[in-house]
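Colleague: I am new to this one and would like to learn how to read it. Could you take me through some features, one at a time?

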Amino acid sequence: MALRASGRKLSFEILTKTNSLEEEQFLLLNQSSPDTARSSPTNNIPKKKRRRNKHKKSSPHADSYSTIAEDPSAAVSSVAGSNSNSNSVIESPDRFSSRYGGGGSVVCTTPTITVVECVCDNSTNNGGNSYVELRQRNVVSVGGEGGGRNDEDLPSVLRVIGEAAVERELEVVSDDKLRNEPQPMPNGCRLPRLETAESLDWKRLMAEDPTYLFSVEKSPLNYFMDEIDEGNSLRRTTTLGSEKERERVYDTLFRLPWRCELLIDVGFFVCLDSFLSLLTVMPTRVLMTLWRLLKRRQFQKLSAADWSDFGCFIVLASGVLLLDRTDISLIYHMIRGQGTIKLYVVYNVLEIFDKLCQSFGGDVFQTLFNSAEGLASCPPETKRFWIWRFLADQALAMAFSILHSFLLLAQAITLSTCIVAHNNALLALLVSNNFSEIKSNVFKRFSKENIHNIVYADSVERFHITAFLLFVLAQNILEAEGPWFESFVYNALLVFVCEMLIDIIKHSFLAKFNDIKPIAYSEFLEELCNQTLNIQSGDKKKILTFIPLAPACVVIRVLTPVYAAHLPYSPLPWRLFWVFLLTSITFVMLTSLKIMIGMGLQKHASWYVNRCRRRKHHLHSE
């Protein structure tokens, strides 16, 4: 009592308050999860017990003045007997021994009440085997600091112990209920209870889904007979085509190839006509202009066409003179020493640069002709400016044409090396080069205008191949021994046929993949016929651009030694006579060929343009 009066809290008071706080925390937790509150241990406590706990929470020090029983052992045994069904065993308190020492001091041995808990786990987590766990803890110590007996507080301690045993029993019962209910999650969700899946009923499954019945019950023979009876064997990997698909097939195989080949052939003859005009018409115009100037003995203002002819003649003459200084045999042996793969690489590189020069060459000569037009129509005050501008453009055209001429000469020598070789180098070159052309063009998206330009490029390429074969013919005339003509004809036909087949395949599939109708190639041919008839077109991109100066330089360089080899070894006047005679014969032949090709192109162009006009008029009238 003295200790209580001093204001200090005894150990069992602290324990009692702690238990009350734990119960409050447990109640708050159960209120946060209403599903689990029904199975919490506090809900199963009788009403009297809950009133007692409530009263104890409101006045925590009320039990300090309760009456202490005379026999603590009996009290303990009575509490233990009342909780005989629980899993806790309460031992009797230790003996109390009190000694009174000298000096007025009191020494008290603090008795400790020990609770041994027997926890039984019958959960299924351990394979269905239950186990017993003994837990020992010191619940409360009777007595306070400084000694002194407090036997009067023993009933409160025993009541706390009994309540703990009852709560422990209720917790064991409630744990079994909580295991069968979904557990709450921190975010308010619940874990679903796992249920046993329904067993698979094969009969019901086969009745619902006939594919299982088909795969299970049918025999291989019945399956094969059903496949025979169902019809088309490719029905699973193909679809029924429409009339549009049929038209596309026939367009690719029959209608488009001959139209494409007709367009390329007409373009080839247009290029040949331009080439013959350079060798026949242009020299004739230059000679006539010089004769007119010499006859009048005074400088006359020249027209734009005259300035253009003089510019082209200077470019052609400079290219022939520089190529004449080139040692063809040295280049031939340098290229011949390479392997087949290197020949293919060299030929492809030269072909790429040839296409670049074709594309840029048209712009260079358009600039030259523009300067010639300005020089012909300029006033006297600006004449010096236009003369310097024309000279600058003339120098650029000469340099570019000479470079292009050397590229074509090297490409012709490479093709000649492949034809002369005896290791099928020509066939390997043609196969690799042509199929790489298909690969680079077919599997790409092109517009109609781009395909138009590709057709014109193929026409120019075919003319270049003709010039290369003429170079090979001249080399065989000069250097071949034994019968060589049959071999040359065979190789030339092989080159032309391969080029023709590759162009047809390329354009057929280009039209298929880009959805181009065969009528588009007829429109391209109509544009080319209008160009032949000098009918101006509004779009300059639809014009076939071809500058024959570089091929003319190569052909003249190759044919000059052939003519020189057949000249007689006679005095100079006689040699000059033969030179004049052979030149005149060649000029007449080329002029005759020019007239034939030119007139043929004019006739064909007029017929085709009139035919297209009649067809358009007929369609409009319908």
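**Reading the model, feature by feature**

Modeller: Gladly! Let us start in the loop between α18 and α19, where Ile543 lies. Please keep in mind that this is a predicted model.

Colleague: Is Ile543 buried or exposed?

Modeller: The class depends on relative accessible area: under 20% is buried, over 50% is exposed, and partly exposed is in between. Ile543 has 31% relative accessibility, so this residue counts as partly exposed.

Colleague: Which residues does Ile543 touch, leaving aside neighbours within four places in sequence?

Modeller: Tyr456 and Gln531 are its contacts. You can also look at C-alpha distances: Asn453 is 90 residues away from Ile543 in sequence, yet the two C-alpha atoms are 8.8 Å apart in space.

Colleague: How do I read phi in a loop like that one?

Modeller: Here is the general idea: most residues other than glycine have a negative phi. The loop between α18 and α19 also holds Asn534, which has a positive phi of about 60 degrees although it is not a glycine. With a relative accessibility of 63%, Asn534 is classed as exposed.

Colleague: Where is Asp515, and what is its phi?

Modeller: You will find Asp515 in the loop between α17 (485-513) and α18 (519-532). Its phi is positive, near 55 degrees, and this residue too is not a glycine. Asp515 is partly exposed, because its relative accessible area is 45%.

Colleague: Which residue follows α10, and what is its phi?

Modeller: That is Arg297, with a positive phi near 55 degrees. Helix α10 itself covers residues 243-296 and bends at Asp251 by about 55 degrees.

Colleague: How should I picture α10 beside α11?

Modeller: Compare their axes. Those of α10 and α11 (residues 304-324) come within 9 Å and cross at roughly 115 degrees. The crossing is left-handed. On the α10 side, the contact is made by Met282, Arg285, Val286, Thr289, Leu290 and Arg292. On the α11 side, the residues are Ala305, Asp306, Asp309, Phe310, Cys312, Phe313 and Leu316.

Colleague: Is there a general way to read such a list?

Modeller: Yes, an α-helix has 3.6 residues a turn, so residues three or four places apart point the same way. You can also sort the list by class: the contact of α10 with α11 has eight nonpolar, one polar and four charged residues.

Colleague: Is Leu321 of α11 buried or exposed?

Modeller: Leu321 is found in helix α11, and its relative accessible area of 59% is over the 50% cut-off, so Leu321 is exposed. Between Leu321 and Arg557 there are 8.4 Å from C-alpha to C-alpha, while in sequence they are 236 residues apart.

Colleague: And what about Asn433: buried or exposed?

Modeller: Asn433, in helix α15 (residues 425-442), is buried, because its relative accessible area is 9%. Not counting residues up to four places away in sequence, Asn433 touches Tyr344, Tyr347, Asn348 and Glu351.

Colleague: How many helices and strands does the protein have?

Modeller: The protein has 20 helices and five strands. Of its 622 residues, 36% are buried. Among contacts between residues at least 6 apart in sequence, 77% join residues at least 24 apart. The accessible surface is about 38800 Å², with 61% of this belonging to carbon and sulfur atoms.

Note on methods. Residues are numbered from 1 along each chain as its sequence is written. This is a predicted model: local features need pLDDT of at least 70, side-chain atom pairs count only at pLDDT 80 or more; totals for chains, interfaces and linings use all residues. Side-chain values use heavy atoms; hydrogens and water are left out. The bend at a residue is the angle between axes fitted to the seven residues ending there and the seven starting there. Helices (H or I, at least four residues) and strands (E, at least two) are DSSP runs, numbered from the N terminus. Axes are lines fitted to C-alpha atoms, for helices over the stretch in contact, and angles run from 0 to 180 degrees between N-to-C directions. A crossing is left-handed if the near helix is turned anticlockwise from the far one by less than a right angle, and right-handed if clockwise. Contact means heavy atoms within 4.5 Å. Ala, Val, Leu, Ile, Met, Phe, Trp, Tyr, Cys and Pro count as nonpolar, Asp, Glu, Lys and Arg as charged, and the others, Gly among them, as polar. Buried means under 20% relative accessible area, exposed over 50%, partly exposed in between (1.4 Å probe, protein chains only). Accessible areas come from the Shrake-Rupley method with a 1.4 Å probe; for residues, only the protein chains shown count as cover.
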